Every structure is written in structure tokens, then in C-alpha cells.
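This report covers a pocket, the nonpolar cores and one buried side chain.

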Amino acid sequence: MEKRPPSTKGEIIIALFTGVILLTYVTSDYFLWRQSKIAETAANAARDAANTAHDALTASNKSVADTLTEMQKQRKAMQDSVDTADRNTKTTIHNAQTAFRDEQRAWVGIGQYRIDHFDNKDAFKLVIPWVNSGKTPAVDTETGVAYTFQPSPMTGPTPGHKYVFEKASALAPQGIYVTNITNLDAPGRFDAITNGTLWIYFFGQFRYRDVHSRKIHTTTFCLRYDRIDKQMVFCESGNDMD
């Protein structure tokens, strides 16, 4: 076998230099791999941070939208509350003014009526007093009265009757205006009225205005002759005041 001559000094140096180069390549590849891993980790971290920021921004936008919606609801609720309070205030003022006017206005009603005379000879005479129980005068007053004979009882005035009104005098608070009714037809029907085969009714209106408004108020009455009490009594309906 042929023997290889011993390595020269130059060959040794070349071998060492080759080893250093190889080691350098290996070390460089390792560091490059490490750097790529570090870069990849950093990229993942950045991506995660970006996703987190996006989620936070989305949540923030939703929170802002929800807050705006809630603020709008609260604003509407507050406005509704203000509108309701305003309406209630106006209603309270209106009711107070109405109550004051009602308390101060004139109120005319029928007083203690009576028959002055009724027989089969002379005219039937009925006295109707109108009384102002209010605190202010009743003005622009007028009265209308009518009568009817009926073969059977009725509950109130003849429907649709048109009154002929006559001017009356103003009524001071607690004042009285008297309507004197004289009827010439009743004496000839005296027997039928008193034995219950004919009924006589008187009904009418008193119209007036109170000094607080231009509204016309009306007080009505309906009376029938009661043969038992021999006096006029109220009908079932037709006795009202406003």
C-alpha cells in the first residue's frame, strides 16, 4: 500500500481555514434562523396587537353608538316629561281659572214657586221666582214660558217647543226676579184637572249671561199640577241649569 506523504503546513492551514468557513456558515445559518423566528414572533405579536386594537375600536364604536342611542332616549324622555309637565301646568291653570269663574259667576235657579189662585171661575195664577245664588250679576236676561194640557201624564216638556222670550231685568247676587203666569184656559178645565182626567203643565226657560264671559246660560223648569197636594210639583225631567 502506497503511503500518503505527511501533510504539509500549508495543507493544515487550508484545512483549518475550510473548517472556520464551514463553522461560519453554520453559525450564520443558525443566527439567520433565530432572527427569522424572532421576526416571526414579532410579526405575530404585531398582528395580535392589531387585532386587539381593532376589536377595541369596534367595541368602542359600539359603545359610543349605544351611548348616543341611550342619550337620545333620555333626551326624548326628558322632552316628553317637559311636554307633559307643560300640558299639566296649562290644564291646572285652565281648571283654576274655570273654577274661579264658576265660583264667581252668576247662578240662576228657580225659587219657591206657588199657585196664587186656581178655581173654576177666575184665571189660574202661578208665581215663578228666579234666584241668583251666584256672586256676580246675571245680565242680558230673558224668560220664555209655555203650558199644555195632556190627557195622560208626561215626564217633561213638550219636545221641540219654541218659546217666545221676553226681556227680564238684571239679577244682582242673591237677587230675585219673579215671573207671574196668568192662564185663562185652566178655569174651564178645573174639574177635569182636579179629578185626574186631565193634566196641566207649565214649562219655561230663563236665559242670561254672567259678567265673566259672553256665554249664554240657560235654566229650565217643568211643573205639573198635583191634584192630591193641590200644588205644582216638578216633572221628572226638564229642570236643569248650566
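## Largest pocket

In this predicted model, β4 contributes the most to the lining of the largest pocket, with five residues. β4 spans 138-150, and it and β6 (176-183) each supply at least two lining residues. The volume of the largest pocket is about 170 Å³.

The lining consists of T143, G144, V145, A146, Y147, V164, E166, T179, N180, I181 and F202. Sorted by class, six of the lining residues are nonpolar, four are polar and one is charged.

## Nonpolar cores

The largest nonpolar core contains 26 residues, and F118, F124, L126, I128, F202 and M232 have the most contacts inside it. Two or more residues of this core come from each of β3 (124-132), β4, α2 (190-194), β7 (199-210) and β8 (216-226). A second core, separate from this one, has eight residues, among them Y163, Y201, F203 and C222.

Outside its neighbours within four places in sequence, M232 is in contact with Y113, I115, F124, L126, I200, F202, L223, R224 and Y225. F202 is also listed in the lining of the largest pocket.

## N183

N183 lies in strand β6. This residue counts as buried because its relative accessibility is 3%, and the cut-off for buried is under 20%.

The side chain of N183 reaches the backbone nitrogen of A186 at 2.8 Å. Residues up to four places away in sequence aside, N183 touches A123, F124, Y147, F149 and F202. Of these, Y147 belongs to the pocket lining, while F124 is one of the residues with the most contacts inside the largest core.

Note on methods: Residues are numbered from 1 along each chain as its sequence is written. This is a predicted model: local features need pLDDT of at least 70, side-chain atom pairs count only at pLDDT 80 or more; totals for chains, interfaces and linings use all residues. Side-chain values use heavy atoms; hydrogens and water are left out. On a 1 Å grid over the protein atoms alone, a cavity is a set of points where a 1.4 Å probe fits but cannot get out, and a pocket is an open set with protein on both sides within 12 Å along at least five of seven lines; lining residues have an atom within 4 Å of a point. Grid points are joined across faces, edges and corners, and a volume is the space filled by probe spheres set on the points. Helices (H or I, at least four residues) and strands (E, at least two) are DSSP runs, numbered from the N terminus. Ala, Val, Leu, Ile, Met, Phe, Trp, Tyr, Cys and Pro count as nonpolar, Asp, Glu, Lys and Arg as charged, and the others, Gly among them, as polar. A nonpolar core is a set of buried Ala, Val, Leu, Ile, Met, Phe, Trp, Tyr and Cys residues joined through side-chain atoms within 4.5 Å. Buried means under 20% relative accessible area, exposed over 50%, partly exposed in between (1.4 Å probe, protein chains only). Contact means heavy atoms within 4.5 Å. A polar contact is a pair of N or O atoms within 3.5 Å; within protein, one must be able to donate a hydrogen and the other to accept it, and residues adjacent in sequence count only if both atoms are side-chain atoms.
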